[in-house]
Amino acid sequence: WYYKIVQIMLVIKSIETRQAYNIPNTPVDEMGFSKTLLNCLKNYSRIKGLHDILYLRKVDLRNIKQFGKKSQEEMDRVLAILNLALEE
């Protein structure tokens with residue numbers, strides 16, 4: 001139950017952060033990802049936009065099928081352009 005409470009607190013914190021900084025929920029199709037990364041994210045059905053990506057940590061992304069080191073580097077690069085980053 002402790003894990004669930006921590007998870008809920010992290011979700012609330014991330015929602016408040018996105019609202020505080022007014023981060024738009026840009027669809028993944030419009031974020032400039034390569035076709036390989038885009039297909040990888042689309043196959044992981046929970047990821048539709050930027051807000052969905054920001055819910056995840058780098059560890060979560062590494063568990064997605066076909067999401068490797070190059071995909072992680074590309075994701076980091078695109079998020080850095082937006083002055084955003086994922087938690088380790």
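Trainee: Of the 88 residues of the protein chain, what percentage count as buried?

Mentor: Keep in mind that this is a predicted model. In it, 34% of the 88 residues in the protein chain count as buried. The accessible surface of the protein chain comes to about 6,500 Å², and carbon and sulfur atoms own 55% of that.

Trainee: Fine. How many helices and strands does the protein chain have?

Mentor: Five helices and zero strands. Walk along the sequence and you get α-α-α-α-α. For contacts between residues at least 6 apart in sequence, 59% join residues at least 24 apart.

Trainee: Let's take one helix, then. Which residues of α5 are buried?

Mentor: Start with the helix itself: α5 covers residues 69-81, 13 residues in total. From first C-alpha to last, α5 reaches 19 Å, close to the 18 Å expected at 1.5 Å a residue. Its buried residues are Ser71, Gln72, Glu74, Met75, Val78 and Leu79. Looking down the axis of α5, those buried residues fall within an arc of 165°, so they line one face of the helix.

Trainee: And which residues are exposed on the other side of α5?

Mentor: Over there you find Lys69, Lys70, Arg77 and Ile81. The buried residues, for their part, pack against α2 (35-43), α3 (50-55) and α4 (58-62). Just after α5, have a look at asparagine 83, which takes a positive phi of about 60°.

Trainee: I see a glutamine in that list. Is glutamine 72 buried or exposed?

Mentor: The cut-off for buried is under 20% relative accessible area. Glutamine 72 has 9%, so it counts as buried. This residue is found in helix α5. Setting aside residues up to four places away in sequence, glutamine 72 touches Lys58, Leu61, Arg62 and Phe67.

Trainee: What do the buried residues of α2 pack against?

Mentor: They pack against α3, α4 and α5. The residues in question are Leu37, Leu38, Cys40 and Leu41. Down the axis of α2, these fall within an arc of 160°, so they too line one face of their helix. Turned away from that buried side, α2 carries the exposed residues Lys35, Thr36 and Asn43.

Trainee: Now the core. Which residues have the most contacts inside the largest nonpolar core?

Mentor: Phe33, Leu41, Ile47, Ile53, Leu61 and Met75, in a core of 21 residues. The elements giving two or more residues to this core are α2, α3 and α5. The largest share, four residues, comes from α2. To see how one core residue reaches around, select phenylalanine 33: leaving out neighbours within four places in sequence, it contacts Val28, Leu38, Leu41, Ile53, Glu74, Met75 and Val78.

Trainee: Let's try a loop residue. Where is tyrosine 44?

Mentor: In the loop between α2 and α3. Tyrosine 44 has a relative accessible area of 25%, so it is partly exposed. Leaving out residues up to four places away in sequence, tyrosine 44 touches Leu56 and Ile64. Also compare sequence with space here: tyrosine 44 and lysine 65 are 21 residues apart in sequence, and their C-alpha atoms are 8.2 Å apart.

Trainee: Last topic, charges. How many salt bridges are there?

Mentor: The general idea is that side chains of opposite charge can pair when their charged atoms come close. The count here comes to four salt bridges. One of them joins the side chains of arginine 57 and aspartate 60, at 3.4 Å from N to O. Arginine 57 is partly exposed at 34% relative accessibility, and aspartate 60 is partly exposed at 22%.

Trainee: Which residues do salt bridges with shared partners join into one network?

Mentor: Lys58, Asp76 and Glu88. Lysine 58 meets aspartate 76 at 3.5 Å, N to O. That pair links distant parts of the chain, with lysine 58 in helix α4, aspartate 76 in helix α5, and their positions 18 residues apart. Lysine 58 also meets glutamate 88 at 3.2 Å, N to O. Glutamate 88 is in the segment after α5, 30 residues apart from lysine 58.

Trainee: How do those three differ in relative accessibility?

Mentor: Lysine 58 counts as buried at 13%. Aspartate 76 is partly exposed at 27%, and glutamate 88 is exposed at 59%.

Definitions and conventions: Residues are numbered from 1 along each chain as its sequence is written. This is a predicted model: local features need pLDDT of at least 70, side-chain atom pairs count only at pLDDT 80 or more; totals for chains, interfaces and linings use all residues. Side-chain values use heavy atoms; hydrogens and water are left out. Buried means under 20% relative accessible area, exposed over 50%, partly exposed in between (1.4 Å probe, protein chains only). Contact means heavy atoms within 4.5 Å. Accessible areas come from the Shrake-Rupley method with a 1.4 Å probe; for residues, only the protein chains shown count as cover. The expected span of a helix is 1.5 Å times one less than its number of residues. The arc is that of the directions from the helix axis to the C-beta atoms. A nonpolar core is a set of buried Ala, Val, Leu, Ile, Met, Phe, Trp, Tyr and Cys residues joined through side-chain atoms within 4.5 Å.
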